[in-house]
Amino acid sequence: MICIGIDGCRGGWLFTLIDAKQKLSLSLIKRLDDALDLLKKAQRVYIDMPIGLVKEKGEIRDIDVQIRKELGHPFSSSVFTVPCQQAVYASDYYQANQINKDVLGKGISIQAWNICPKIKELDIFLCQNSGLKSKFIETHPELCFKHLKGSSLSYKKKTKEGKEERIKLLQTQLPEISLLFQQFRKQFLKKDVADDDILDSLVLGINDF
């Protein structure tokens, strides 16, 4: 059995792999298509990226509403409003913003637009590999960390305190995480993979622990 946690990052997709013996490894994959054989072998794939895009007026993604509610203030702000499918496939931000207003009645942020290429890549990948859809589970790292703690987190992930808090939470499942994190940090260039990308991918990967 292989469990995979995937977090999108500047360099592509950061994969955390957990095998049947709970051996853990991280890999940076440029395109999801490059990992097709590996994903076929996986039992479950937890990914921090929207799965299932709204297309019609009045449609909402219930998962976004539920996660925001569970995370609470101020961490609910980490759940951005996912553009409709037509906006995700738009050619530029202006067009995407207008399309989203027409379909959903509101525009999209630049931050949401910047992640659209990855939303689109995943959408196309799952359409082309429909047999894998049942393995993919949309998951939010901040919610995973909250569940590990049993209560709301104290710090946001981009802060030094937030990084330390999340490492300590991972340590409850992976006692050797501090050493592993340093090893993983040396594996990747910071321009491709940020510290919080590593922690997010790890917490997704240990969902089946």
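Here is a short chat about a predicted model.

Visitor: How do you know how confident the predictor was in this chain?
Guide: Look at pLDDT, which runs from 0 to 100. The chain's mean is 94, and 100% of its residues reach 70 or more. Among the elements, helix α2 (residues 62-71) has the lowest mean, 88, while helix α3 (residues 85-88) has the highest, 98.

Visitor: What makes helix α9 "mostly covered"?
Guide: A residue is called buried when its relative accessible area is under 20%. In α9, residues 195-205, eleven of the eleven residues are buried, so the helix earns that label under the cut-off. Among them are D195, I198, L202 and G205.

Visitor: Why do strands β2 and β3 count as paired?
Guide: Pairing takes at least two bridges found by DSSP. β2 (residues 12-18) and β3 (residues 24-29) have six bridges, in the antiparallel sense, so they qualify. For instance, T16 stands opposite L26 in β3.

Visitor: And what links the two strands in the hairpin?
Guide: Five residues lie between β2 and β3, and Q22 in that turn has a positive phi of about 60 degrees.

Visitor: Why is the space lined by L71 and F75 called a cavity?
Guide: A 1.4 Å probe fits in a cavity but cannot get out, so that's what the word means here. The search of the whole structure finds one of 30 Å³ or more, and the volume is about 40 Å³. Its lining also includes E142, K146, S152 and L153.

Visitor: What makes two of those lining residues charged?
Guide: Glu and Lys count as charged, so E142 and K146 fit. The rest of the lining divides into three nonpolar and one polar.

Methods
Residues are numbered from 1 along each chain as its sequence is written. This is a predicted model: local features need pLDDT of at least 70, side-chain atom pairs count only at pLDDT 80 or more; totals for chains, interfaces and linings use all residues. Side-chain values use heavy atoms; hydrogens and water are left out. On a 1 Å grid over the protein atoms alone, a cavity is a set of points where a 1.4 Å probe fits but cannot get out, and a pocket is an open set with protein on both sides within 12 Å along at least five of seven lines; lining residues have an atom within 4 Å of a point. Grid points are joined across faces, edges and corners, and a volume is the space filled by probe spheres set on the points. Helices (H or I, at least four residues) and strands (E, at least two) are DSSP runs, numbered from the N terminus. Buried means under 20% relative accessible area, exposed over 50%, partly exposed in between (1.4 Å probe, protein chains only). pLDDT is the predictor's confidence in each residue, from 0 to 100.
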